[in-house]
Amino acid sequence: MASDIDTAPPNDAQRRQALTQLIAQLQLEQLEKRLFRGLSNDIGAPAVFGGQVLGQALMAAARTVQSHRLHSLHGYFLLPGDKQAPIVYEVDPVRDGQGFTSRRVVGVQHGRAIFHMSASFQREEPGADHQSPMPAAPAPQDTHPRHPPVSVLQRPFEIRFVDPRTTKSHGPLPPNNQVWLRTCAPVPDDPLIHQALLAYISDFSLLGVALRPHGLHFGMPGLKTVSLDHAMWFHRPFRCDEWLLYDMDSPSASGARGFARGALYNQQGQLVASVAQEGLMRYRPPAAQQ
């Protein structure tokens, strides 16, 4: 939900540099056995981008786990993050089991918790396998990059919109959307890096589908939006440097909160991850505030 907009699309070198910086940002500095520090990137929003906190907290939790692989996370955004200050992530080793391992992570700034997350890791094992079919969507090359504008948070990624319309230009729209996304360059083979990158970008545009039927849009005067919670489930192996379809919908909005869901599919039609988020969408028209 960035407001820092380029007047022209970044070139390939700028994109690759942004991706390298993002991967480095997600790696974190280890302070103690279960204590990590992460720095923030100013994407033009008033506070730290929620996807950054998700990705960093995921990495902190995983750095304390030996052999199991992350399969789900549930995070809550408690306070806006200060872009000028580091975030310290404290990991609580809740449980180490043979089949499953659990971690709790708290992100702290200025002595206060701004985020907390529970994460579950599983030892790889075979089992029953089924999924919902991939929804119909045009191929990435037949969709819309929507350039310009390009937000800072998008620079490390290629993002193509199936429906290029925006509520700012077209008014109310259906409460769903699809985007194709991938990193702008190859990423190291470490599956954890791919999960962290997907967590980062999964916060992009998701709450927007809850705004669509009301004709609201990010940056609109009188509209305050912020992620309240974010959950992800990782179903199957994937690569973030290969095209993924992000199919999003919003079944409900009420009480100044919007609820949105997302499903991510690779080009082979495999469901690789699911996402759910609730966010604040408090709208007070400027005239009503006077």
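Reader: Why does Ser72 count as buried?

Author: This is a predicted model, so the value is computed from predicted coordinates. Ser72 has 7% relative accessibility. Buried means under 20%. Ser72 therefore counts as buried.

Reader: Where does Ser72 lie, and what does Ser72 touch?

Author: Ser72 lies in strand β3, residues 69–77. Leaving aside residues up to four places away in sequence, Ser72 touches Ser118, Ala119 and Ser120. Ser72 also touches Met232, Trp233 and Phe234.

Reader: What makes α1 oblique to α2?

Author: The crossing angle. The axes of helix α1 (residues 12–27) and helix α2 (residues 50–62) cross at roughly 50°. Angles under 35 degrees count as roughly parallel, and 65 to 115 as roughly perpendicular. The value falls in neither range, so α1 is oblique to α2. The two axes come within 8 Å.

Reader: Which residues make the contact of α1 with α2?

Author: From α1 come Gln25, Leu26 and Gln27. From α2 come Gln52, Gly55, Gln56 and Met59. By class, the contact has two nonpolar, five polar and no charged residues. Gly55 is put with the polar residues, because Gly counts as polar here.

Reader: Why are α1 and α4 called roughly perpendicular?

Author: Their axes cross at roughly 105°. The range for roughly perpendicular is 65 to 115 degrees. So α1 and α4 are roughly perpendicular to each other. Helix α4 spans residues 191–202, and the axes come within 11 Å.

Reader: Which residues make the contact of α1 with α4, and how do they divide by class?

Author: Helix α1 gives Leu19, Leu22, Ile23, Leu26 and Gln27. Helix α4 gives Ile193, Ala196, Leu197 and Tyr200. They divide into eight nonpolar, one polar and no charged.

Reader: How many residues has the largest nonpolar core, and which have the most contacts inside it?

Author: The largest nonpolar core has 60 residues. Those with the most contacts inside this core are Leu58, Tyr89, Leu197, Leu198 and Phe234. Leu197 is also in the contact of α1 with α4. Phe234 also touches Ser72.

Reader: What does Tyr89 touch?

Author: Again leaving aside residues up to four places away in sequence, the residues touched by Tyr89 include Leu28, Leu35, Phe36, Val53, Val105 and Val106. Arg34 and Gln56 are among them too. Apart from the largest core lies another, of seven residues, including Leu211, Met220, Leu223 and Met281.

Reader: What does UniProt list for residues 164–280?

Author: An unreviewed UniProt entry lists "domain: Acyl-CoA thioesterase 2 C-terminal" there. In the model, that span is 17% helix and 44% strand. Its end C-alpha atoms lie 24 Å apart.

Methods:
Residues numbered from 1 in each chain as written. Predicted model: local features only at pLDDT ≥ 70, side-chain atom pairs only at ≥ 80, totals over all residues. Heavy atoms only, no water. Axes fitted to C-alpha atoms, helices over the stretch in contact; angles between N-to-C directions. Helix = DSSP H or I, 4+ residues; strand = E, 2+ residues; numbered from the N terminus. Parallel < 35°, antiparallel > 145°, perpendicular 65-115°, else oblique. Contact = heavy atoms within 4.5 Å. UniProt positions renumbered as here; feature names shortened; annotations may be inferred. Core = buried A, V, L, I, M, F, W, Y, C linked by side-chain atoms within 4.5 Å. Buried < 20%, exposed > 50% of the residue type's maximum accessible area, 1.4 Å probe, protein only.
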